[in-house]
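Please open the model in your viewer and keep the sequence panel beside it. The tour below moves from one selection to the next and says what is found at each stop.

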Amino acid sequence: MARLGSIDFVLIEEDRAYENEVTSHPVEGGEISDHVVTQPVTYRIEGEYTGPDAGSVHSEFLKLRNSGEPVYYSGRSAMGNAVIENFTSIVDESIANGFRFSLRIKQIRIAQPSAVALLPASLKADVSEIKNVGRKTAS
C-alpha cells in the first residue's frame, strides 16, 4: 500500500530520479565543468485502485493535480512537499470497479519569507514610493 495525500492505493512500481545539472564550457584542449546544480527529486509511480468509490478517488487525484498543493507521499520511500506533475489513468476490462494509473511527482522547495519583514521599523530601510517626475535638466 502507498499513500499520496489522503489517498491510499496499491503501489505497483516506483522509479526514483536524482539528477544534477552540470554546466560545461569548451576550452582550449577540451571542456571544463565548473558548476553543479541539484535538481528536484522526481518519482514515477504506477498504481492501482479498486473499489466502489473508484470514481471519487479518481476525482481526488485530479483535484490534487489541479490544485498544485504540496502533499506527503509514502510508498517504498517517502517524499514531503510533493506535487503531481503528470497523471495518466488507464481504464479497461481487466479491472472492474477500478483503474490503473501512472503519475509523476516532484519534490518542491518552498521559499521562506524575508527576514527583513521581521525587523523593527527603526532598522528597516527607508524606501519611498517610485514617482514619475518627468525629465529633469541640470541647472
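Helices (H or I, at least four residues) and strands (E, at least two) are DSSP runs, numbered from the N terminus. The model is a predicted one, in which local features need pLDDT of at least 70 and side-chain atom pairs count only at pLDDT 80 or more, while totals for chains, interfaces and linings use all residues. Residues are numbered from 1 along each chain as its sequence is written, and side-chain values use heavy atoms, with hydrogens and water left out.

**The whole chain**

Begin with a cartoon view of the protein, whose secondary structure comes to one helix and eight strands. Followed along the sequence, these elements come in the pattern β-β-β-β-β-α-β-β-β. If you colour by accessibility, the buried residues (under 20% relative accessible area, with exposed meaning over 50% and partly exposed in between, for a 1.4 Å probe and protein chains only) make up 23% of the 139 residues. Contacts are heavy atoms within 4.5 Å, and among those between residues at least 6 apart in sequence, 61% join residues at least 24 apart.

**The helix**

Select residues 54–67, which are helix α1. This helix has 14 residues and reaches 20 Å from its first C-alpha to its last, close to the 20 Å expected at 1.5 Å a residue, where the expected span is 1.5 Å times one less than the number of residues. Now show the side chains of A54, V57, F61 and L64, which are buried in α1. They cover an arc of only 75° around the axis, which puts them on the same side of α1; the arc is that of the directions from the helix axis to the C-beta atoms. On the face turned away from this buried side you will find the exposed residues G55, K63 and N66. The buried residues of α1 pack against β1 (2–4), β2 (7–17), β5, β6, β7 and β8. Just after α1 comes G68, whose phi is positive, near 70°.

**The strand pairs**

Two strands pair if DSSP finds at least two bridges between them. Select β1 and β2, which run antiparallel and are joined by three bridges, with R3 standing opposite D8 in β2. These two strands form a hairpin with two residues between them, and G5 in the turn has a positive phi of about 65°.

Next add β5, which pairs with β2 in the antiparallel sense over seven bridges; here R16 stands opposite Y43 in β5. A further residue to pick in β2 is I12, which, leaving aside its neighbours within four places in sequence, is in contact with E46, G47 and E48.

Then add β8, which runs antiparallel to β5 and is joined to it by nine bridges, with T42 opposite K106 in β8. Select S102, also in strand β8, which counts as buried at 19% relative accessibility. Not counting residues up to four places away in sequence, S102 touches R44, I45, E46, N86, F87 and T88.

**The aromatic rings**

Show the rings of Phe, Tyr and Trp (its six-membered ring), which pair if their centres lie within 6.5 Å, with planes under 30 degrees apart counting as stacked, over 60 as edge-to-face and the rest as tilted. By this rule the count comes to nine aromatic pairs. One of them joins Y49 and F99, whose ring centres are 6.3 Å apart and whose planes stand at 35°, so the pair is tilted. Because Y49 lies in strand β5 (residues 42–50) and F99 in strand β8 (residues 98–107), the pair ties together parts that are 50 residues apart in sequence. Y49 counts as buried at 14% relative accessibility, and F99 is buried with a relative accessible area of 3%. Widen the selection to F9, Y49, F61, F87, F99 and F101, and you have one aromatic cluster.

**A last stop in a loop**

Where does S77 lie? Its place is in the loop between β6 (71–74) and β7 (78–90). S77 is buried, with a relative accessible area of 18%, and touches E14, R16 and Y43, not counting residues up to four places away in sequence. A polar contact of 3.1 Å joins the side chains of S77 and Y43; the term means a pair of N or O atoms within 3.5 Å, of which, within protein, one must be able to donate a hydrogen and the other to accept it, and residues adjacent in sequence count only if both atoms are side-chain atoms.
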